Amino acid sequence: MEYVTAAYWLLTTLAFAAAAVPICARLFAGFPDRGAALAPGVAFALLALLAYWVGHVRWGTAVAALCILAVFAAGAIAARGADLPDPRTVATPLAVFVLAFAFFVAVRAVDPAAHAAAGEKFLDFGLLRSMTLADRLPPPDIWFAGRPVRYYYGGILSVAAFADAVGVAPQYAYNLGLATFYAALASGAYGLAAAIADDRGRSRSLAGTLGVLFVCLGGFLATPLRVLAGFFPESLVTEWGRFLVAGIRAPTEDAFREATTLGPWNYWIGRYVVPDTIVVNPFWSYLNGDLHAHVLAPTFLLPAVAVAFAGWRATDRRRRVTLLFGALPVFAGALAITSTWSLPTAAGVGFLAVALATAHPAASLPARFRDRVPTTGPGGELSRYALAVVAGVLVALGGAALASPFLLFQAPPNDGVGWLPPRSPLAPYLLAWGAFVAVFAAYLARSARLTGRRTALATVGWVAVTVVGLLLDAASVAVLLPLLAGAWYLRRTDHAGFAAVLAAAGVGLLVAIELAYAKVWPHDPNAIRWNTVYKVSMQISVLWGLGAGVAAAALLEPVTGRLRGATTRFSAADAAGAAVAVLVVLSAVTFPALALSDHFGDPVREPADGTLDATQFVETYHPQEAEAFRWLRANVDGQPAMVTAVGEPIYTWVSAPSVFTGIPTVVGWEHEKGYRPEGAYEERANDVGFLYAGDRATQALLYDKYDVQYVYYGPVERERYPDATFGGPGVEEVFRNDAVTIYRVDAEAACAATDLTCYSD
């Protein structure tokens, strides 16, 4: 494995993160570590925004380096007079970052390939490669030559900028970038969970550790229950346990066989829990290995939540306003260009930070307005939420302004929002989210100091609400409403801390995706919420994972206190709460335990020969094409248009020349159907057919139409167009081996030699 490259990347990353420590010290002054744990995420979020805006003027290695230097300069300015963290408080989050980085480097070294199947790695690596060649942003679309990319790419841009500046090639930056964002998510989860616990006088280390476990390793309740079902008679499970496999897209018998066996165990089914949707969490997504938008966004979401928390607890008016309306929109903007799905979440967190703060938000208004707003009684409660809505809108508008080039000119088309889709069945729904609900319910019961009798009454009431929901075909919403009400009430009465805000945030997102969905491609009429639940479930896993870490730590505190001899009090309620926390923790670690066992134990892989090169598999399995790719990278300047076969079927070895060289093809993967106006993809796909199978006059006309400079005739093209011929004026063979022939095209010369009217005429 490339140990030197990994060590070099880690050291430069730590130096870059150190530049953001003074900025974090300003933003998160009340945190135990002054926010140092969040510094890696903050640094890369600022880099993404700087690179995005500056790159629209000019892009390249020097510009990327200047953007990194700008972060260092901002850190140096922030350091003047800042209360920087004590090195001893930084040691633990630093260790968390380094350990998480090393762990994930080991995970990726076993299976590092940016392959086409099982995910979006071709898209992600293609974007990364394209950004290293572009001279301006947005980069050219490698799958739609002549047009800029129409996809959010802020997270990948920050990896590309950092890699370019420090001199690490894209094939290594792909996996090192994944490891970096995973490590930043881990250290951020540790530091933020510790700060939230510290705010209520709880154990920082326990909350931080559990925060990392739930956010970065936790799995859903479905996995342990499926495994347990495997120990029961098959007839019994088949009769009563169909809900366990309802989300798996396979015949019931096959689904049972795949889900309940311990070996070989397929991590892929971990996302199939709720029918007609996919629910994911960070560990599943990182293990799958996509350097994808919604995978990278949580690393920027944590600083946004941290800013909201800092503003929520701030007592000084100026600081509260600065954090919520100055800093939070910055991270909302970074999220908008990284994964636009996260922009509403940042705004929602801002709304909750204002709505559920101890102080009335009117205290943040200028003096001339402050006295005109009621702050007590029903009017005060209404004004609280009205001002919170205004706050959320301002955060959203600020973030949208920072992402305005993308939102106005580069966003893919969509058909708006659909309402009232089929709701999730209750049993599979609880397999996905039930563990979180259990730990939050136990935490809120403990915060409310409910007696056994009141706990029983509350439970009966919760069940009654859920039964009514079942009758109304809305059980997935109804089961969450008591949790939302309890979290809201206990936070408003100051019986619970910011963990209750996170509980409410998760409920809000879950209710939203039960009632509405985005009409984006691919729009399957049989699974209309597919993409919506996929993208939003990641955010829920992060918010609830963070809150569950704090909540579980609070539930376990009586046990740890008793073990340390710090307290002799240990009631039945304490025992029940601790039992819930232990069971939820055990259920959360089942998925990573099984997945890692399979990942490292697969005999097909050879960990001893591990590598971080995301493209080495091309040399192994496609050596002839690898030679052609090397020739293209060495001999082609810039990113001219190239012709390859249409990228169908998706998730197969198609459009590979563009992915691994960064040279755009006329039309690539079918994803472009979702990024372009209706019919644009089909027009190009039809033209590509004529480029390979048409006569020379037609070819010449289309060369000119798309300004084609190279034609790639490889294994995929030979299979689809065995009789294709190229030659004549303006067409020259420049590369050939046993599998690939590449032609250089002078489109004007080829077209001028025909009797047709060329596009350039």
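**Entry 1: the sheet**

I looked up Val 643 and found that its bridge partner in S4 is Val 711. The model I am reading is a predicted one. I then followed the two strands concerned: S3 and strand S4, residues 708-713, pair in the parallel sense over 3 bridges.

I next traced the whole sheet, which is open, has 4 strands in the order S3-S4-S6-S5, and shows mixed pairing. Its edge strands are S3 (641-643) and S5 (731-736), each of which pairs on one side only. I noted an average turn of 25° between neighbouring strands of this sheet, direction ignored.

I also asked which helix packs on the sheet. Helix H27, residues 623-635, does so, touching S3, S4, S5 and strand S6 (741-745). The direction of H27 makes about 165° with that of S4.

**Entry 2: aromatic residues**

I searched the whole structure for aromatic pairs and obtained 54. I examined the pair Phe 617 and Phe 660: the ring centres are 6.0 Å apart and the planes stand at 65°, so I recorded the pair as edge-to-face, the cut-off for that class being over 60 degrees. Phe 617 belongs to helix H26 (residues 616-621) and Phe 660 to helix H28 (residues 656-661), so the pair ties together parts that are 43 residues apart in sequence. I found both Phe 617 and Phe 660 to be buried.

I then placed these two residues in their surroundings. They belong to one aromatic cluster, whose members include Phe 122, Phe 125, Trp 143, Tyr 174, Phe 629, Tyr 651, Trp 653, Trp 669 and Tyr 712.

I also looked up a charge over a ring: Arg 684 lies over the face of Phe 144, at 3.8 Å from the ring centre.

**Entry 3: H19 and H22**

I compared the axes of helix H19 (residues 426-447) and helix H22 (residues 481-492), which come within 10 Å and cross at roughly 35°. I recorded the crossing of H19 past H22 as left-handed. On the H19 side, I listed Val 437, Phe 440, Ala 441, Leu 444 and Ser 447 as making the contact. On the H22 side, the contact is made by Leu 483, Gly 486, Ala 487 and Leu 490.

**Entry 4: Asp 111**

I located Asp 111 in the loop between helix H4 (87-110) and helix H5 (121-133). Its relative accessible area is 22%, so I entered Asp 111 as partly exposed; buried would require under 20%. Finally, I checked Asp 111 against Ala 614: the two are 503 residues apart in sequence and 8.7 Å apart in space, C-alpha to C-alpha.

Conventions
Residues are numbered from 1 along each chain as its sequence is written. This is a predicted model: local features need pLDDT of at least 70, side-chain atom pairs count only at pLDDT 80 or more; totals for chains, interfaces and linings use all residues. Side-chain values use heavy atoms; hydrogens and water are left out. Rings of Phe, Tyr and Trp (its six-membered ring) pair if their centres lie within 6.5 Å; planes under 30 degrees apart count as stacked, over 60 as edge-to-face and the rest as tilted. Buried means under 20% relative accessible area, exposed over 50%, partly exposed in between (1.4 Å probe, protein chains only). A charge sits over a ring if NZ of Lys or CZ of Arg is within 6 Å of the ring centre and within 35 degrees of the ring normal. Two strands pair if DSSP finds at least two bridges between them. Axes are lines fitted to C-alpha atoms, for helices over the stretch in contact, and angles run from 0 to 180 degrees between N-to-C directions. Contact means heavy atoms within 4.5 Å. A crossing is left-handed if the near helix is turned anticlockwise from the far one by less than a right angle, and right-handed if clockwise.
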